[in-house]
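Please examine the model below. The explanation that follows moves from a single residue to the core and then to the charged pairs.

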Amino acid sequence: MQWFYDLKISRKLISVFFIVVALEAALGVFAIRELGRVNQASTEIATNWLPSIRTLSQLKLTLSRIRSFELQHILASTPQEFEEIENNANKQIAALSKQQKEYLNQISEPEEKALYPDVEKSIGIFLGEHKKILDISRADKNEDARTLLKGESTKVYRSLLEQIEKLVEVNEKGAEKSSADADVTYASARLWIIAMLLIC
């Protein structure tokens, strides 16, 4: 360090100034990089996990509405009532199809890709049973329609809700992991920034 003591005051000041500037620049680069990682985690939650959970919740709601229209159809007695209920049910089926397409674009995890084909298959069976129930109900065979409603239709409906809930859990775990990663990144960055500021 003798060489440093032998330098003129002006050169010492300039050297120290550039060292401090270099440290501050390194701190800035580090802080920006860590902020980017935190931002990436929050963006992933907002653009991947939460939209998937929302779409799956809409799927469950639409299925329950279709189910309720089946019950209403069995209780109906006039052609006008049948027509209105069937139109409303068809609107929900169209919404269900749209939600399925939307969710397909939101799938990001291998586990989701493995689980979703079973959901599609169950929805196909559910809608097939739905048509049978409405056709029998239209023919005023209410007892037969109720039997059909309580049979395969109920079984596949309950199975569907369980399958969708598993997909929700996959996305909830993903959101929790992203949040935990962001917390770890924040804590680590905070410690390093404080240390660098103390050094500066």
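In this predicted model, Thr55 belongs to helix H2, which covers residues 9–75. Its relative accessibility is 1%, so Thr55 counts as buried, the limit for that class being under 20%. Leaving aside residues up to four places away in sequence, Thr55 touches Gln99, Glu102, Tyr103 and Gln106. For one of these, Gln106, the separation in sequence is 51 residues, while the C-alpha atoms of Thr55 and Gln106 are 8.9 Å apart in space. The side chain of Thr55 also has a polar atom 2.9 Å from the backbone oxygen of Pro51.

The description now turns to the nonpolar interior. The largest nonpolar core comprises 18 residues, and those with the most contacts inside it are Leu56, Leu63, Val119, Phe126, Leu160 and Ile164. Two or more residues of this core are supplied by each of H2, helix H3 (79–106), helix H4 (110–138) and helix H5 (142–199). H5 provides the largest share, six residues. Val119 illustrates the contacts: beyond residues up to four places away in sequence, Val119 touches Leu160, Gln163, Ile164 and Leu167.

Charged side chains form a further set of links, with a count of seven salt bridges. One of them joins Lys60 to Glu165, the closest N and O atoms being 2.8 Å apart. This pair connects distant parts of the chain, since Lys60 is in helix H2 and Glu165 in helix H5, 105 residues apart. Lys60 counts as partly exposed because its relative accessibility is 27%, and Glu165 likewise counts as partly exposed, at 29%.

A salt bridge within one helix is formed by Arg67 and Glu70, whose closest N and O atoms are 3.7 Å apart. These two residues are three residues apart in helix H2, so about one helical turn separates them. Arg67 counts as buried at 12% relative accessibility, and Glu70 is buried with a relative accessible area of 0%.

Which side chain meets that of Glu83 in a salt bridge? The partner is Arg138, at 3.2 Å from N to O. Because Glu83 lies in helix H3 and Arg138 in helix H4, the pair ties together parts that are 55 residues apart in sequence. Glu83 is partly exposed, with a relative accessible area of 40%, and Arg138 is partly exposed as well, with 34%. Glu86 joins this pair, so to speak, in a network of salt bridges that links Glu83, Glu86 and Arg138.

Definitions and conventions: Residues are numbered from 1 along each chain as its sequence is written. This is a predicted model: local features need pLDDT of at least 70, side-chain atom pairs count only at pLDDT 80 or more; totals for chains, interfaces and linings use all residues. Side-chain values use heavy atoms; hydrogens and water are left out. Helices (H or I, at least four residues) and strands (E, at least two) are DSSP runs, numbered from the N terminus. Buried means under 20% relative accessible area, exposed over 50%, partly exposed in between (1.4 Å probe, protein chains only). Contact means heavy atoms within 4.5 Å. A polar contact is a pair of N or O atoms within 3.5 Å; within protein, one must be able to donate a hydrogen and the other to accept it, and residues adjacent in sequence count only if both atoms are side-chain atoms. A nonpolar core is a set of buried Ala, Val, Leu, Ile, Met, Phe, Trp, Tyr and Cys residues joined through side-chain atoms within 4.5 Å. A salt bridge is a side-chain nitrogen of Lys or Arg within 4 Å of a carboxyl oxygen of Asp or Glu.
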